[in-house]
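Subject: Structure handover

Dear colleague,

I am passing on the structure below, and I would be glad if you could look through it together with the notes that follow it.

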Amino acid sequence: MESLRLIAPSILSANFAKLGDEVAEVAAYGADWIHVDVMDGQFVPNITMGPIVVEWLKSVTSSPLDVHLMIVSPEAYIPAFAKAGAGSISFHAEATSHIHRTLQIIREANVRAGVALNPSTPLDVLEYVVDDLDFILVMTVNPGFGGQKFIPATVAKVQRLREWLDATGHADVLIEVDGGINVTTAGVMSEAGANVFVAGSAIFGASDRQITIKQMREAIENAAQRP
């Protein structure tokens, strides 16, 4: 799974007045996952959507739904998102008192489980739960809003994370990156060892989304092949 490279457009930057059409379009152009940002106005200074949106999306697309919980006490809401049709769920390390227990709730629902790390969150929080992870979401901006500028320091963070996963026998754990991802930064992060690339405004704000997704995939694959 280490060589797996996936593009996950974030609907945070989509036109919600025609969300079904927006999702169908990027899926037809080669998107692998659909990224759903859930915000509660407490963990981050913004409010977005709940399980009903995931349920509705599940009814109109066959693309796996990647649910990113930027909410406090995520364990209370995970069952509802799993039931709604989430294919993967991640939550922030700081948002719960019991990371291991929260991961178990996700896994018991037969959903891919991930922990999200803010730009300044150390990798140490993963040490004792890595066996329960399917993926790790590394924020490359501070969470809460789309369209932010990529934080360069996160490149080294992903590099260290990939080296640690490989060295500890966890090469199959995917690294997802989210924030300021475009054709250029996707290539940089692919070379650093990332597997899943969340892009919002870079895709939904593009004049030609098909070409943008194609260029992003080429950049990702080319960078991944560099020695």
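The notes below cover a helix contact, a pocket and an aromatic pair.

This is a predicted model, in which local features need pLDDT of at least 70 and side-chain atom pairs count only at pLDDT 80 or more, while totals for chains, interfaces and linings use all residues. Residues are numbered from 1 along each chain as its sequence is written, and side-chain values use heavy atoms, with hydrogens and water left out.

The axes (lines fitted to C-alpha atoms, for helices over the stretch in contact, with angles from 0 to 180 degrees between N-to-C directions) of helix α5 (residues 154–167) and helix α6 (residues 183–192) come within 8 Å and cross at roughly 30°. The two helices, α5 and α6, are therefore roughly parallel, a term used for angles under 35 degrees. In contact (heavy atoms within 4.5 Å), Thr154, Val155, Val158, Gln159 and Arg162 of α5 meet Val188, Met189 and Ala192 of α6.

A search of the whole structure finds one aromatic pair, where ring centres must lie within 6.5 Å, with the six-membered ring taken for Trp, and planes over 60 degrees apart count as edge-to-face. Trp33 and Phe135 form this edge-to-face pair, at 6.5 Å centre to centre and 75° between the planes. The pair links distant parts of the chain, with Trp33 in the loop between α1 (19–28) and β2 and Phe135 in strand β6 (residues 135–139), 102 residues apart. Helices (H or I, at least four residues) and strands (E, at least two) are DSSP runs, numbered from the N terminus.The largest pocket (on a 1 Å grid over the protein atoms alone, an open set of points where a 1.4 Å probe fits, with protein on both sides within 12 Å along at least five of seven lines; lining atoms within 4 Å of a point) is lined by 26 residues, with Gly146 among those nearest its centre.

Best regards

Technical notes: Parallel < 35°, antiparallel > 145°, perpendicular 65-115°, else oblique. Phe/Tyr/Trp six-rings, centres within 6.5 Å; stacked < 30°, edge-to-face > 60°.
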